[in-house]
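The following paragraphs lead through one structure, from its covered helices and nonpolar cores to its charged side chains. Please keep the sequence and the coordinates in view while reading.

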Amino acid sequence: MRARVPTALAASLVLALAAGPLAGPAFAAPAPASAHDTSGHHSSGHDASGPDADALRAAIAGLPDADATAALIRVGGDGTWRGTAGVRDVRTGAPALANGRFRAGSVTKVVTAAIVLQLAAQGRIDLDGTVQRYLPGLLTADFKPITVRELLNFTSGLQSGASLGDTVEEGYPHRFETLTPRQVVAASVAKGPAYDPGTRQDYDNIHYTVLGMLIEKVTGDSYAHQAAVRIFRPLGMRDSSFPVGADPRIHGPHNRGYDWIDGELTDVTDWNMSDRKAAGDLISTTADLEKLLVGLFRGRVVPEPQLKEMFTLPDVPGARYAAGLERFELNGRVIWGKTGSRPGYATVIAATRDLSRTLVYSVDSTDAKGDGQATAERFAYPAFNR
């Protein structure tokens with residue numbers, strides 16, 4: 001476990017960033033010669049059929065800087081591009097690991113939604129069935145019936161549950177404490193419903209915390225094991241896992257995550273994610289998440305007609321989220337994907353429905369729990385320039 005980065009180190013980083021990037025390797029490499037796009041062309045900054053490699057290289061140039069210590073990017077579809085930049089550890093300046101594991105945050109919800117939809121395809125869950133039916137006693141009489149579909153598309157009316165801190169600054173002193181999913185949900189239930197189910201969409205972890213409980217109740221198995229046997233193993237996602245209990249560590253090779261707290265660059269890698277179970281506790285790699293993205297969109301994870309749930313917005317005002325995925329429009333393209341953030345790590349998976357362009361990135365953002373727009377504009381938008 002690492003404590004705060006010493007003030008002297010934070011000060012030296014600030015000085016280094018003012019003069020330029022930290023000493024230490026930073027590199028960006030396109031896909032190797034053996035990697036081709038689907039048209040048979042090697043990717044390059046001048047291949048009109050592939051991603052804009054020049055813009056992608058510019059996005060990761062100069063790392064580490066004040067906003068990020070590392071970035072791992074994979075672009076696929078009609079042309080491929082790979083980029084790695086920054087440092088693994090600001091103490092040593094060792095280069096970032098392209099295969100490093102990281103906390104994928106709310107990308108976890110894609111896994112959870114996929115498991116639920118698989119169970120629906122098998123007839124073990126009815127998407128129109130209710131929480132009251134599957135988890136009797138969880139909700140009070142104050143709640144109208146909430147369907148599984150309304151949990152999946154964030155229209156359940158449940159309010160936010162218990163938290164150990166809404167910001168990195170608030171949560172940091174409590175990062176090794178445990179808050180169980182049942183405690184999280186109990187706090188939500190105590191608040192009562194925010195609105196009638198199916199009438200509004202409010203994105204919140206609580207919907208997927210309940211879905212995690214539902215998966216375990218229906219299968220009689222742990223959520224983590226269901227994810228492994230239903231998704232990780234079939235797709236060959238060998239480096240994806242969930243923390244065991246309250247374990248705060250990322251096991252295996254990984255780049256450390258940092259955040260500015262009270263003016264100090266603070267190592268926030270080690271953090272107990274028990275309160276984010278099934279909603280934000282996934283540990284993965286960019287290669288594994290690319291397998292998830294492609295496998296999902298090709299129907300290898302969730303069969304039709306259940307897969308349509310992941311690309312169908314609910315009929316409520318301003319809806320942006322389907323079952324586990326969010327709809328974006330960028331440069332005239334409709335893109336489906338999911339963002340995720342945990343202290344020190346910002347993640348995106350995104351693709352056009354036909355997989356003509358895919359993107360997965362993990363950025364060791366020093367403000368990963370901020371609004372994320374600047375990070376997306378820098379690292380995600382260039383993948384969809386053309």
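A residue is called buried when its relative accessible area is under 20%, exposed when it is over 50%, and partly exposed in between. The model is a predicted one. By that criterion R200 counts as partly exposed, because its relative accessible area is 39%. D202, at 31% relative accessibility, is likewise partly exposed. These two residues form a salt bridge in which the closest N and O atoms are 2.8 Å apart.

The helices come next. Helix α8 comprises the 14 residues 206–219, for which a rise of 1.5 Å a residue predicts a span of 20 Å; the C-alpha atoms at its ends are 20 Å apart, in agreement with this. Of the 14 residues of α8, 11 are buried, so that the helix is mostly covered. Among the buried residues are I206, H207, Y208 and T219. The cover over the buried residues of α8 includes α3 (108–121), α4 (131–134), α5 (148–152), α7 (181–191) and α9 (223–235). Just after α8, G220 adopts a positive phi of about 65 degrees.

Helix α3, one of the elements that cover α8, also has 14 residues, and its first and last C-alpha atoms are 20 Å apart, close to the 20 Å expected. In α3, 13 of the 14 residues are buried. Just after this helix, G123 has a positive phi of about 80 degrees.

In soluble globular proteins, nonpolar side chains tend to be buried together. Here the largest nonpolar core contains 71 residues, and V111, L152, I231 and M310 are those with the most contacts inside it. The element that gives the most to this core is α3, with nine residues. Apart from this core lies another, of 23 residues, which includes L63, V348, A376 and F379.

M310 illustrates the packing. Leaving aside neighbours within four places in sequence, its contacts include V110, A113, L117, L296 and W336. L296 belongs to helix α10 (residues 286–297) and is buried because its relative accessibility is 2%, which is under 20%. With the same sequence neighbours left aside, L296 is in contact with V110, A114, V301, V302, L307 and M310. L296 and A114 are 182 residues apart in sequence, yet their C-alpha atoms are 8.2 Å apart in space.

How is the buried charge of D52 placed with respect to side chains of opposite charge? D52 lies in the loop between α1 (7–19) and α2 (53–60). It has no salt bridge, because R386, the nearest side chain of opposite charge, is 4.5 Å away, whereas the criterion requires the atoms to be within 4 Å. The side chain of D52 does make a polar contact of 3.4 Å with that of N385. Beyond its sequence neighbours within four places, D52 is in contact with P382, N385 and R386.

Elsewhere, the whole structure holds 16 salt bridges. One of them joins the side chains of K144 and D196 at 3.1 Å, N to O. K144 lies in the loop between α4 and α5, and D196 in the loop between α7 and α8, so this pair ties together parts that are 52 residues apart in sequence. K144 is partly exposed, with a relative accessible area of 47%, and D196 is partly exposed at 39%. A further salt bridge joins R327 and E329 at 2.8 Å, N to O. R327 is partly exposed at 31%, whereas E329 counts as exposed at 57%. In addition, R74, R82 and E290 are joined into one network by salt bridges that share partners.

Notes: Residues are numbered from 1 along each chain as its sequence is written. This is a predicted model: local features need pLDDT of at least 70, side-chain atom pairs count only at pLDDT 80 or more; totals for chains, interfaces and linings use all residues. Side-chain values use heavy atoms; hydrogens and water are left out. Helices (H or I, at least four residues) and strands (E, at least two) are DSSP runs, numbered from the N terminus. The expected span of a helix is 1.5 Å times one less than its number of residues. Buried means under 20% relative accessible area, exposed over 50%, partly exposed in between (1.4 Å probe, protein chains only). Contact means heavy atoms within 4.5 Å. A nonpolar core is a set of buried Ala, Val, Leu, Ile, Met, Phe, Trp, Tyr and Cys residues joined through side-chain atoms within 4.5 Å. Lys and Arg count as positive and Asp and Glu as negative; His and the chain ends are not counted. A polar contact is a pair of N or O atoms within 3.5 Å; within protein, one must be able to donate a hydrogen and the other to accept it, and residues adjacent in sequence count only if both atoms are side-chain atoms.
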